[in-house]
Amino acid sequence: MLSIRNLKATINGREILKGINLEVKEGEVHAIMGPNGSGKSTLASVLAGRDLFTVTGGEVLFQGSPLLGLTPEVRARAGIFLGFQYPVEIPGVSMTSFMRTAINEQRKYRGLPEMSATDFLKLMRDKKALMEIDSALASRSVNEGFSGGEKKKNEIFQMAMLEPKLAILDETDSGLDIDALKTVATGVNRLRRPDNAMIVITHYQRLLDYIVPDFVHVLSGGRIVKSGDKSLAYELEEKGYDWIKEENEA
Amino acid sequence: MNGDQDPILKQVTQGEYKYGFVTDLENDALPKGLNEEIVRRISAKKEEPEWLLEIRLKAFRYWLTMKTPEWAHLKIPPIDYQDIIYYSAPKSNKPTGGFEDVDPELLKTFDKLGIPLNEQKHLSGFAVDAVMDSISVKTTFKESLGELGIIFSSFSDAVREHPDLIKKYMGSVVPYRDNFYAALNSAVFSDGSFVYIPKGVRCPMELSTYFRINAANTGQFERTLIVAEEGAYVSYLEGCTAPMRDENQLHAAIVEIIAHTDAEVKYSTVQNWYPGDKNGKGGIFNFVTKRGICLGDRSKISWTQVETGSAVTWKYPSCILRGESSVGEFYSVAVTNNYQQADTGTKMIHIGKNTRSTIVSKGISAGKGQNSYRGLVRVTKNADNARNYSQCDSLLLGDQCGAHTFPYIEVDNETAVVEHEATTSKIGEDQIFYCNQRGIDTETAIGLIVNGYAREVLNKLPMEFAVEAQKLLQISLEGSVG
């Protein structure tokens with residue numbers, strides 16, 4: 001589904017990604033871990049097409065086609081979803097009209113007719129139930145006045161609505177208490193399917209108790225320095241990131 | 001917001017003005033220029049009584065002594081008042097005729113503007129007075145409203161049919177000496193609408209006037225007068241459009257509202273005069289004096305405006321809160337794109353006890369547009385427990401536009417509570433990216449964000465107008481990514 005080959009990217013001339021290689025297949029969940037400043041969020045942003053970053057090398061194929069030249073909205077319509085580390089507030093725009101616009105833009109791209117109001121409201125209801133989301137959410141403005149936990153739940157709710165092929169969850173666990181973490185993880189697990197894939201970016205192993213990954217990669221200094229199965233996460237938890245750094249330097 | 005977006009910013013603004021067509025009509029027009037003779041001839045054209053001509057002449061003589069106001073934050077080239085046609089009427093129109101007497105060309109024009117004048121075809125719940133250039137073309141539902149004692153007619157008809165009411169109220173809120181443009185209007189006004197809601201009557205439909213400037217080199221000077229008797233209620237809407245022309249055209253109107261005890265008047269405007277092209281050529285100069293007086297206790301006047309058009313907008317819909325516990329409201333969205341300039345706001349004059357006012361102003365600037373909020377809250381000596389809440393927000397798209405806030409607060413009573421909040425924000429790149437990431441392109445994202453920003457005001461508009469206004473906001477900002 002996604003293959004990243006020797007991806008390099010800079011911001012303001014400073015190289016953050018120094019040659020990332022990663023293969024993600026359908027049905028897989030990959031966790032990317034790493035210390036602060038290792039380039040985890042940059043990788044998420046670059047995949048989503050944020051223009052703060054300049055890609056200086058490598059290539060990314062998404063479902064067999066080059067991804068990097070596409071605008072962020074086209075990537076989204078093609079099925080890439082980014083769960084934001086810091087979801088953005090849009091005052092005065094209700095979640096309902098935001099989601100309706102998003103869904104219809106995506107449908108238009110896929111040659112489908114606009115979803116009728118009735119179908120849309122039903123979808124909204126179903127997904128709220130699935131994600132165990134407070135039903136008042138729909139009438140509130142996008143993320144406005146939401147608590148940290150509500151914002152993260154709202155990201156997962158949007159993911160449920162948009163049914164992406166590939167979801168990249170950028171530190172979805174940061175700032176969550178254990179209950180919120182469980183709700184978010186339960187939501188994510190309900191969205192796992194054999195025909196989609198997820199990249200879960202996290203600083204802590206804690207999230208991976210609830211979202212069990214097929215692969216764990218450690219990102220450090222702009223490169224993936226170690227890959228393994230979920231046991232790698234426990235090892236990291238135990239030994240800390242310094243262990244990886246030392247091992248690499250050795 | 002950064003260098004990369006400059007190209008987008010520059011291709012900007014091709015928000016096509018949809019109403020820029022011209023109807024080919026034969027006009028009955030007076031020659032260009034302004035002098036006593038012209039004033040007399042306008043009055044004669046309208047077969048006016050002597051007393052009205054007297055008012056016009058007084059206003060004209062007073063106007064001659066006045067100077068153009070220059071305190072607004074506006075750059076306006078000098079206007080040659082001798083180079084304007086002050087009266088131009090579509091020739092074929094028979095002013096008092098029925099539907100079948102209206103020139104089909106005129107009907108077509110209004111149809112094209114989305115304002116069908118055929119009552120059968122019309123949106124239910126709306127009655128319309130259609131004004132083209134200097135005269136009212138047709139007023140719908142006049143008869144059925146008449147059965148309730150409601151008068152809804154062109155100003156000229158009202159002068160003929162209800163001279164006592166006109167004599168009593170015209171100029172009682174905006175006297176001709178009020179300001180330069182009010183004096184000019186009082187001298188040369190040609191038509192407009194008159195609304196009278198009798199005691200205890202709740203007007204069952206939205207009343208609206210649609211103003212259209214068609215003829216070239218012609219100014220439009222209309223007056224609207226709304227009187228709500230004790231316990232009456234009316235919601236009134238006005239819309240305006242004009243053809244695209246390279247020359248600036250002048251629009252100087254007066255609106256007066258009188259609300260008696262327990263009466264309520266809601267006045268909504270969707271102003272979409274031609275704004276000029278993207279280089280600032282052409283467009284309407286819109287100098288309007290709008291004021292209402294809450295004469296009776298517990299009366300209420302509410303102004304809502306969505307200002308997207310005009311090259312220059314100069315208007316301050318105001319409320320004089322004389323009755324005890326009377327309420328004044330002002331909700332405004334003003335958009336300036338390209339080279340548009342707006343200096344708009346309100347005056348809330350608290351005279352009665354326990355009077356309350358609310359001001360919500362949302363300015364949106366894009367391109368090289370300049371947008372100023374100017375508002376006065378005055379609490380006079382006897383206005384015990386007066387309350388005002390003002391909120392003025394400015395939204396900037398791009399870095400070549402400007403937003404300015406000029407609040408004036410004058411309080412002479414220590415029991416008054418006056419609150420003022422102001423914010424300035426930019427549409428954040430992060431907001432746009434967030435929308436992009438959900439599959440929404442930048443143009444649509446800006447439309448969403450701007451409509452969200454203005455929602456508090458748009459919600460005050462009657463349903464059909466709110467939808468229209470939302471689209472209008474989106475169109476007027478098309479391409480103006482910042």
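A residue is called buried when its relative accessible area is under 20%, exposed when it is over 50%, and partly exposed in between, as judged with a 1.4 Å probe on protein chains only. Helices (H or I, at least four residues) and strands (E, at least two) are DSSP runs, numbered from the N terminus. This is a predicted model, in which local features need a pLDDT of at least 70 and side-chain atom pairs count only at pLDDT 80 or more, while totals for chains, interfaces and linings use all residues. Residues are numbered from 1 along each chain as its sequence is written, chains are lettered from A in the order in which they are written, and side-chain values use heavy atoms, with hydrogens and water left out.

A good place to begin is strand E19 of chain B, residues 370-379, where eight of the 10 residues are buried, so the strand is largely enclosed by the rest of the structure. Two strands count as paired if DSSP finds at least two bridges between them. By that rule, strand E17 (residues 341-350) of chain B pairs with E19(B) in the parallel sense over 10 bridges, and B:Gln341 stands opposite B:Gln370. E19(B) also runs parallel to strand E21 (residues 402-411) of chain B, joined to it by 10 bridges, and here B:Val377 stands opposite B:Ile409.

Chain A holds an open sheet of six strands with mixed pairing, in the order E6-E9-E10-E3-E11-E12. Strand E6 (80-83) and strand E12 (223-228) of chain A stand at the edges with a single partner strand each, so one side of each has no neighbour in the sheet. E6(A) pairs in the parallel sense with strand E9 (residues 166-170) of chain A over four bridges, and A:Phe81 has A:Ala167 in E9(A) as its bridge partner.

The interior can be followed through its nonpolar cores, each a set of buried Ala, Val, Leu, Ile, Met, Phe, Trp, Tyr and Cys residues joined through side-chain atoms within 4.5 Å. The largest has 101 residues, of which A:Phe98, A:Leu166 and A:Ile199 touch the most other members. Its largest share, nine residues, comes from helix H10 (residues 442-458) of chain B. A second, separate core of 35 residues includes B:Leu53, B:Tyr81, B:Phe221 and B:Tyr316.

A buried residue need not be nonpolar, as A:Glu105 shows with a relative accessible area of 9%. A:Glu105 is found in helix H3 (residues 95-109) of chain A, and, leaving aside neighbours within four places in sequence, its contacts (heavy atoms within 4.5 Å) include A:Arg77, B:Gly439 and B:Asp441.

A disulfide is taken as a pair of cysteine sulfur atoms within 2.5 Å, and a search of the whole structure finds zero over all chains. The sulfur of B:Cys319 is 5.8 Å from the closest cysteine sulfur, in B:Cys294, which is too far for a bond, and B:Cys319 is buried at 0% relative accessibility. For B:Cys392, the nearest cysteine sulfur, that of B:Cys319, is 15 Å away, and B:Cys392 is buried too, with a relative accessible area of 2%.

Finally, there is the matter of confidence, given for each residue as pLDDT, from 0 to 100. Chain B averages a pLDDT of 86, and 90% of its residues score at least 70. Over residues 1-14 of chain B the pLDDT is below 50, although this stretch has 28 contacts in the model beyond near neighbours in sequence. The model scores ipTM 0.95 and pTM 0.83.

Conventions:
pLDDT is the predictor's confidence in each residue, from 0 to 100.
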